[in-house]
Every structure is written in C-alpha cells, then in structure tokens.
Amino acid sequence: MAPAHASESGLPFEPVYGPEALADWDPAARLGVPGGYPFTRGVYPTMYTGRPWTMRQYAGFGTAAESNARYRQLIADGTTGLSVAFDLPTQMGHDSDAPLAHGEVGRVGVAVDSLDDMRELFAGIPLDRVSTSMTINAPAAPLLLLYELVAEEQGVPGDRLDGTVQNDVLKEYIARGTYIFPPEPSLRLTADTFRYCSERLPRWNPISVSGYHMAEAGASPVQEVAFTLANAVAYLRTALDAGLTADELGPRLSFFFVARTTFLEEVAKFRAARRIWARIMRDEFGARQPKAWMLRFHTQTAGVQLTAQQPEVNLVRVAVQALGAVLGGTQSLHTNAFDEAIALPTAHAARLALRTQQVLAYETDVTATVDPFAGSYAVESLTDAVEEAVVALMGRIEELGGAVAALDQGFQTGEIERNAYRIARETDSGERVVVGVNRFRLGTADEERSYEPLRVDPAIETRQKARLAELRAARDGRAVTESLTALRTAAEGSADVLYPMKEALRARATVGEVCNTLREVWGVHRPAAGT
C-alpha cells in the first residue's frame, strides 16, 4: 500500500512508524556517540549543552557606514557572529562606477569597492572578537584580503581571525549566476585561497560549500545535500591536485544549508549529511583526523518560503525552521526577518529574527540534551531514506564525470528546475498549502496591516562614485599599476595569486580593477545555449 504522504524529496513518509521500521537497525553503526564517527548525533560531544550555536544575522545594505551602524546594533542586541551581504556589483566584481553597476549599488547588500570601504564597514568592531561570515563567491579572494588588511590595521594578526568566506562558485553555475570566470580558473582561484588560508589564516574557513542557494532555486532536500556534497568533492580533488591534503583541508571546510518548514525531514537531512560526509572523508579521501571527517555547517531559514501576504506569519515559519536547524545540529544560524519577502529587513524586523534564536536558546529545553531525536522511529527511518537517496544521486553525478562535468551537461540545473516546477504546480493547484497565499487568505487587501519597508537611498550610487573618484585621485597610480601587473603575471603562471592580489589591494586598487585584471587573463564564463 502506498504511503499516505511523501516527504519534500518525494520519499515515503508513513503515517505510523514503529519498532519494525528499525528492525535491522544497528545504533552503534548508524548513530555512534555525539562527537564521534559517523557524527549522526552531532560533531561535538556536548553540542549546545555547553554553549548555544553561533547566532548570526545576515546584513548589509547601502554604504559601508550604514551597514556598520546595523552591525553595531546587532552586536548590541546579542548577535555573536556577523554575516555580510554584498551588493550585486560587488558580487560580480564590478566597481560602483562601472556601467553594469548602474541602479544596483547598495540595493541588496553593501557596496565594497576598496580598502577604504572595508575599513569603514568594520570601524569600531574589533575583528579578533567577532566571527565574520562573508557571502561572496567569484570575488571571494579580494574581499577576504581586504578584511585581513583591515585586521592588520587594527593590530590583529591573521592567526586570530575567525570566520568564513563562502567562495563556492560551482553552485553559482548551477543555480545562482554570480560567476565571473570559467570553471577551471575559478577552481584554481579557490585552491589558491585554500593554500593562502592554510599559510596565513589558520582559523579561517576558506570555503562554505552552499546548498542554500540551490534549495532557494527549487532543489529538494535530497538534491540540496547531494549537489552540495558533490561540489565539495570537486573542491577537495582540486585542492589535493594543488598539493594540499585531506587532513589539512578537511577541518577548514564548512557547509551552508537551508532550513525549511518541513521540520522532520530537515532534521533527518542534516543528520544524514553528516554521516555521508564522514564516510566520504574517511574512506574515499583517506583523512585520518576525526576533525577532517566532521561536516560543520551554517543554516539559514528558507527565504523562498517567506510570503509578502500576511508577513507576520513569517515569524511562525522562521521559528519552526530555526527549531529544525537546531535539532538537526547546526553550528551557526541566521533567522530571516519577517519582512524580507517585501524589502530589506528593517532594524525592528532584524531584531525580532534574532530574538527568535534567543528564545530557542534560553527559554526552551532544546539545549538541555544532545540530539533528542536519536532513536526516533520516524526520524531515524527518514535519515536512512535521505542518506540512501543522496548517495544514489551523487552516484549519478560521478557517472557523468563529477560535479563540473555534470554542470557542463546541465544536469544539476535541470534537476532543480524540474523540482521547482513541481513545487509551483502543487502551489497553484492548492495541493501544497501556503498559508495566506492559497489558503486562509484575508478578505481584502485593506485587511493587511500597513507596513513601511526599508528603502535604500538611490543617491548612494552617486556618493559611492564620488568616493571612487577621490580614491583614484589620491592614491599612488604607479604603485597600483605595478601591483596589478604582478597580479597578471601570477595569473598567467601557476603562483598563488592571493599574495600579489593583497599588495594590489594594499596599494588601493579596487575590487573591480583586480577582477578585471583576472578577466583579461582567464576570460569570463558564458554558459552554453540552453543551460
């Protein structure tokens, strides 16, 4: 008999689970102990019983000064980690005065063109006391180096910097689109960043392999994990070819997943992902350090599930999503603001999102014990089912030649698009209930409470252009030219490009000038027709 319900990934979801569901199930092999292989129960022995997860809030808009004010407020409100959102031109490696940047400066994140902007972004924030995550991919290297340069000005050495740079360009080709260079030089730049961090920033995570954006594009939980881990395998192979080892890189890898409202499958997803990754690192890559087997991850609640209709209902959605991430064992968490389906979050909404995490951490008992779902008939069965489906999908990617070969054939993108279409069809038909959208709607638009969104001043672009003009007039032009020439030489050869890149940025070359130098050597990625 068919199950009464299917999971978000289309897996069987039985109405009742009992002992027979785990009849041949070996807890010693499938669970282990918290902090021990295969890490199903979490990567640390005590998890949140010692201290809660890192509470991050993703923020950034307008100018560096405006974003700095928001960061200071978040820290005062109790945020324990910063997460920087960059505007679209910065994500694409364009300066604010580039023609392609027109109309986008400061809109979906902060504009960072130079060392001057990065210095202003973190003014008054001691970088040896915060953990900073930067959501930046193709230009990850120059933004990381700008952060390091600001830390040096504060007197903070590289071995005291904690944080993560996303630096996951493969998922950009698959689902998001903010890529610059073709895959091969992009992977070379990623490997150079791995090497640089190993030598200069030993506590920094040089990549956060992201399933979040693929999930936002429509990937199911199984697709999210399979495509993310397949991308991580590709990065590892690139790093090993560059001379690093699995034991060196493994402890510095981190991951980034979504948390949906499908609570039980999300808990199972996180547990299955840890188990699969531990086996890959130990058995396939031969890592011997237990720290290299750990899948450590950040979670963000599902932006794609937020609604502009009755936006206060998003507070409930985010609380459920956040609870799933916590019970799934996340290391850090960002909770979306209830108004993000409408505009950038207001300070009030961002504070409420943070308070959601604080209520979970300090008013509930979810931090009192490690992995409370261990041994659950339903969750353990779902964990096994997700694991089996993920491994099968990763096997298909390997048959196609690995993650890069598969994306060249449009495999991951096609799979995600088909799942996104299924979700849209189910929502339109009412089969998939979205409260306030296709069920439980208000009678008239007048019943919606008035809401004043955060608006970004369009004059920001003019001011940012003026700052760039002043910078170019005041800096040593000859030093900039010489340093960019050294960067070009490194890019044409096989040397680590981050060292000459840092000197160019120190000389006040802009992010756009650095990226344009690499564009001239490596070219830009142009997807094949139909992909």
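## The sheet

In what order do the nine strands of the open sheet run? In this predicted model, the order is 7-6-5-4-3-11-10-9-8, and the pairing is parallel. Strand 7 (204-205) and strand 8 (207-210) sit at the edges; each has a single partner strand, so one side of each goes without a neighbour in the sheet.

For a look inside the sheet, take strand 4 (residues 81-85) and strand 5 (residues 131-135), a parallel pair held over five bridges. Within that pair, Gly 81 lies opposite Ser 131 of strand 5.

## Helices on the sheet

Two helices are worth tracing here. Helix 13 (residues 313-327) packs on the sheet and touches strand 9 (253-259), strand 10 (297-301) and strand 11 (332-334). Its direction makes about 165° with that of strand 10. Helix 14 (residues 347-362) packs on the sheet as well, touching strand 3 (54-59) and strand 11. The direction of helix 14 makes about 170° with that of strand 3.

## Edge strand 8

Back to the edge: strand 8 runs parallel to strand 9, and four bridges join them. One residue to look up is Ser 208, whose bridge partner in strand 9 is Ser 254.

Which way do the side chains of strand 8 point? Ile 207 and Val 209 go one way, Ser 208 and Ser 210 go the other way, and all are buried. That fits a general pattern: in a regular strand, side chains alternate between the two faces of the sheet.

## Salt bridges

Searching the whole structure turns up 45 salt bridges. As a rule, side chains of opposite charge can pair when their charged atoms come close. Take Lys 171 and Glu 172: their closest N and O atoms are 2.7 Å apart, and both residues are buried.

Arg 260 and Glu 224 also meet through their side chains, at 3.0 Å from N to O. This pair links distant parts of the chain, 36 residues apart: Arg 260 is in the loop between strand 9 and helix 11 (263-284), while Glu 224 belongs to helix 9 (residues 221-241). Are these partners buried or exposed? Arg 260 counts as buried because its relative accessibility is 6%, and Glu 224 counts as buried at 0%.

## Helix to helix, and a network

Arg 472 and Glu 513 form another salt bridge, with 3.3 Å between the closest N and O atoms. Here too the pair links distant parts of the chain: Arg 472 is in helix 18 (residues 459-474) and Glu 513 in helix 21 (residues 511-522), 41 residues apart. Arg 472 has 29% relative accessibility, so it counts as partly exposed. Glu 513, at 16%, counts as buried.

Some salt bridges share partners, and in this way Glu 148, Glu 152, Arg 200, Lys 502, Glu 503 and Arg 506 are joined into one network.

## Around helix 20

Which residues of helix 20 (residues 498-506) are buried? They are Leu 498, Pro 500, Met 501, Lys 502, Ala 504 and Leu 505. Lys 502 is thus a buried residue of helix 20 and also a member of the salt-bridge network.

The cover over the buried residues of helix 20 includes helix 4 (115-121), helix 5 (140-153), helix 7 (183-200), helix 19 (477-492) and helix 21. Just after helix 20 comes a backbone detail to check: Arg 508 takes a positive phi of about 80°.

Notes. Residues numbered from 1 in each chain as written. Predicted model: local features only at pLDDT ≥ 70, side-chain atom pairs only at ≥ 80, totals over all residues. Heavy atoms only, no water. Pairing = 2+ DSSP bridges. Contact = heavy atoms within 4.5 Å. Axes fitted to C-alpha atoms, helices over the stretch in contact; angles between N-to-C directions. Salt bridge = Lys/Arg side-chain N within 4 Å of Asp/Glu carboxyl O. Buried < 20%, exposed > 50% of the residue type's maximum accessible area, 1.4 Å probe, protein only.
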